[in-house]
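Student: I'm new to this one and would like a close look at a single part. Could you pick a residue in a strand and walk me through what surrounds it?

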Amino acid sequence: MSRQRIPFITELPLIIWLVIVWGALWQDFSPGNLIFGGLIAYAVANLLYLPPVELSGRFNVLYAVPFIGRFIYKLVVASFEVFWLALSRGPRLINAVVAVQLRSQSDLLVTATGHALSLIPGSLIVEVDRSTSTLYLHCLNVVTPEDAAKIRADVRATEAWLIRIMGTRDDLALLQTEMRFDAENVNRREGAGT
């Protein structure tokens, strides 16, 4: 069984990433080491079967910069929250595994969302169901169903930011449709309440 030949331009982001990892692992970014890393990366990408990483072809810097700010803010706040919970509750802390189904089926977006969440203290991805794009997070201080709902909303907000940054046009259209639908529901509830 022969596999389909992947164009070099499609492999290029993977090869560049593997060369950067190679240089970081050896802590040597000299031209000779990077060229050797490039040869190994090319061999790995062509001799070992790896599913191609499907890129959307878009990257929005106007959303990337605020996302980085949001990420750093959440990282600092979560660090202090975990520190406080460790001091105040210690072993009496209640944890839970929360399942969150993502909007996108893109491996890149599911992975990016999972990594962004795992880097923030207080939660850890324990499993990913690729067939349904569901992340299972082990989270600290989940006592009520409302706590779990808050975690799900935060995960989906992180995914929404990443869709705006690098999602496909289909993912972006789905997100915009969902946001319009949510806004219409809020308006209807507010209209019914007056």
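Tutor: Let's start with a term: strands here are DSSP runs of E, at least two residues long, numbered from the N terminus. Keep in mind that this is a predicted model. Now find Ala-99, which sits in strand 1. Is Ala-99 buried or exposed? Neither, quite: its relative accessibility is 31%, so Ala-99 counts as partly exposed, given that buried means under 20% and exposed over 50%.

Next, look at what Ala-99 touches. Leaving out residues up to four places away in sequence, its contacts are Thr-134, Leu-135, Tyr-136 and Arg-152. For a sense of scale, the C-alpha atom of Ala-99 is 20 Å from that of Lys-74, and those two are 25 residues apart along the chain.

Of those contacts, follow Leu-135. With the same sequence neighbours left out, Leu-135 touches Ala-99 and others, including Val-98, Val-100, Val-110, Leu-117, Ile-125 and Val-155. Leu-135 also belongs to the largest nonpolar core, a set of 13 residues, where Leu-135, Leu-137 and Val-155 have the most contacts inside the core. Which elements each supply at least two residues of this core? They are strand 1 (95–101), helix 4 (107–118), strand 3 (134–140) and helix 5 (145–166). So the strand that holds Ala-99 is one of the contributors, because strand 1 is on that list. Apart from this core lies another, made up of 11 residues, among them Phe-67, Ala-116, Ala-160 and Leu-162. As background, nonpolar side chains tend to be buried together in soluble globular proteins.

Note on methods: Residues numbered from 1 in each chain as written. Predicted model: local features only at pLDDT ≥ 70, side-chain atom pairs only at ≥ 80, totals over all residues. Heavy atoms only, no water. Core = buried A, V, L, I, M, F, W, Y, C linked by side-chain atoms within 4.5 Å. Buried < 20%, exposed > 50% of the residue type's maximum accessible area, 1.4 Å probe, protein only. Helix = DSSP H or I, 4+ residues; strand = E, 2+ residues; numbered from the N terminus. Contact = heavy atoms within 4.5 Å.
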